[in-house]
Amino acid sequence: MCIRDRVYTHPEVAAVGRTEEQLKEEGIEYSKGVFPFMANSRARANVDNEGMVKVLADKKTRRILGIHIMGPNAGEIIAEGVLGMEYGASPENIGKVCHAHPTLSEALKEACLAAHHKACLLYTSPSPRDRQKSRMPSSA
């Protein structure tokens, strides 16, 4: 049975399933998808865009193992993830569900797609190599 945690703070915090630390301790190979509320249209329109959604999935079975949300309406958004986990969903299963736009729940969809390596509203943090390439040469 999947039981979620919720903390009534601002921003809200909600989680279900395992953490990255637990997966590492258990030796489970996993994929991770992260999507920041800063990139979510509804959160930006509401000027409440702190936080992010993180989805962890088993690399072999593709089942979702954990969902962690810090941001607006986290306690409500987590319900979709709990339902998915309870029925053995993969990140792709949730990512393929049509979510209204603009809504905060799109952040979960996008994190799922990122865990499945198919992000639509692509947010990726640049790799160290890309950051190095983008630096302007210093002038003497």
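**From the end of helix H5 to the sheet and two histidines**

Helix H5 is followed by His117, whose phi is positive, near 65°. The model described here is a predicted one. A comparable residue comes after helix H3: Gly88 follows H3, and the phi of Gly88 is positive too, near 75°. These two helices return below, once the overall plan has been set out.

The protein contains 6 helices and 5 strands. In sequence order, they form the pattern β-β-α-β-α-β-β-α-α-α-α. Of the 140 residues in the protein, 40% are buried. The accessible surface amounts to about 8600 Å², and carbon and sulfur atoms account for 53% of that surface. Contacts also link distant parts of the sequence: among contacts between residues at least 6 apart, 59% join residues at least 24 apart.

The strands come next. Strands of a sheet pair through backbone hydrogen bonds, either parallel or antiparallel. Here an open sheet of 5 strands has the order E1-E2-E5-E4-E3, and the pairing is antiparallel. E1 and E3 (residues 30-36) stand at the edges with a single partner strand each, so one side of each has no neighbour in the sheet. On average, neighbouring strands of this sheet are turned by 10° against each other, direction ignored.

Two of the pairings can be followed in detail. E2 and E5 are joined in the antiparallel sense by 6 bridges, and Val16 stands opposite Ile67 of E5. E3 and E4 also run antiparallel, with 7 bridges between them. Lys32 has Leu56, in E4, as its bridge partner.

Is E3, an edge strand, enclosed or open to the outside? Of its 7 residues, 5 are buried, so E3 is largely enclosed by the rest of the structure. Part of the surroundings of E3 is helix H5, which lies across E3, E4 (residues 52-58) and E5 and runs at about 145° to E3.

H5 itself is also covered. In H5, 10 of the 10 residues are buried, so this helix is largely enclosed by the rest of the structure. The buried residues include Glu106, Lys109 and Glu110 as well as Ala107, Leu108 and Cys112. Among the elements covering the buried residues of H5 are the strands E3, E4 and E5 and the helices H3 and H4.

Helix H3 covers residues 74-86. Its 13 residues reach 18 Å from the first C-alpha to the last, close to the 18 Å expected at 1.5 Å a residue. H3 packs on the sheet, where it touches E1, E2 and E5, and its direction makes about 10° with that of E2. An α-helix has 3.6 residues a turn, so residues three or four places apart point the same way. The buried residues of H3 are Ala74, Gly75, Ile77, Ile78, Gly81, Val82, Gly84 and Met85. These buried residues pack against E1, E2 and E5, and also against helices H4 (residues 91-95) and H5 (residues 106-115).

Two histidines show the packing at the level of single residues. The first to consider is His68, which is found in strand E5 (residues 64-71). With a relative accessibility of 15%, His68 counts as buried, because the cut-off is 20%. Which residues does His68 touch, leaving aside those up to four places away in sequence? They are Ala14, Ala15, Val16, Gly17, Arg18, Thr19, Met52, Val53, Lys54 and Leu56. The side chain of His68 also reaches the backbone oxygen of Arg18 at 2.8 Å.

The other is His99, in the loop between H4 and H5. His99 counts as buried as well, at 10% relative accessibility. Beyond the residues up to four places away in sequence, His99 touches Glu80, Ile94, Ser105, Glu106 and Lys109. Of these, Lys109 is 10 residues from His99 in sequence and 7.5 Å away in space, C-alpha to C-alpha. The side chain of His99 makes a polar contact of 2.8 Å with the side chain of Glu80. A polar atom of the His99 side chain also lies 2.8 Å from the backbone oxygen of Val97.

Note on methods. Residues numbered from 1 in each chain as written. Predicted model: local features only at pLDDT ≥ 70, side-chain atom pairs only at ≥ 80, totals over all residues. Heavy atoms only, no water. Helix = DSSP H or I, 4+ residues; strand = E, 2+ residues; numbered from the N terminus. Buried < 20%, exposed > 50% of the residue type's maximum accessible area, 1.4 Å probe, protein only. Polar contact = N/O pair within 3.5 Å; in protein donor to acceptor, adjacent residues only side chain to side chain. Contact = heavy atoms within 4.5 Å. Expected span 1.5 Å × (residues − 1). Areas by Shrake-Rupley, 256 points an atom, 1.4 Å probe, with all protein chains shown as cover. Pairing = 2+ DSSP bridges. Axes fitted to C-alpha atoms, helices over the stretch in contact; angles between N-to-C directions.
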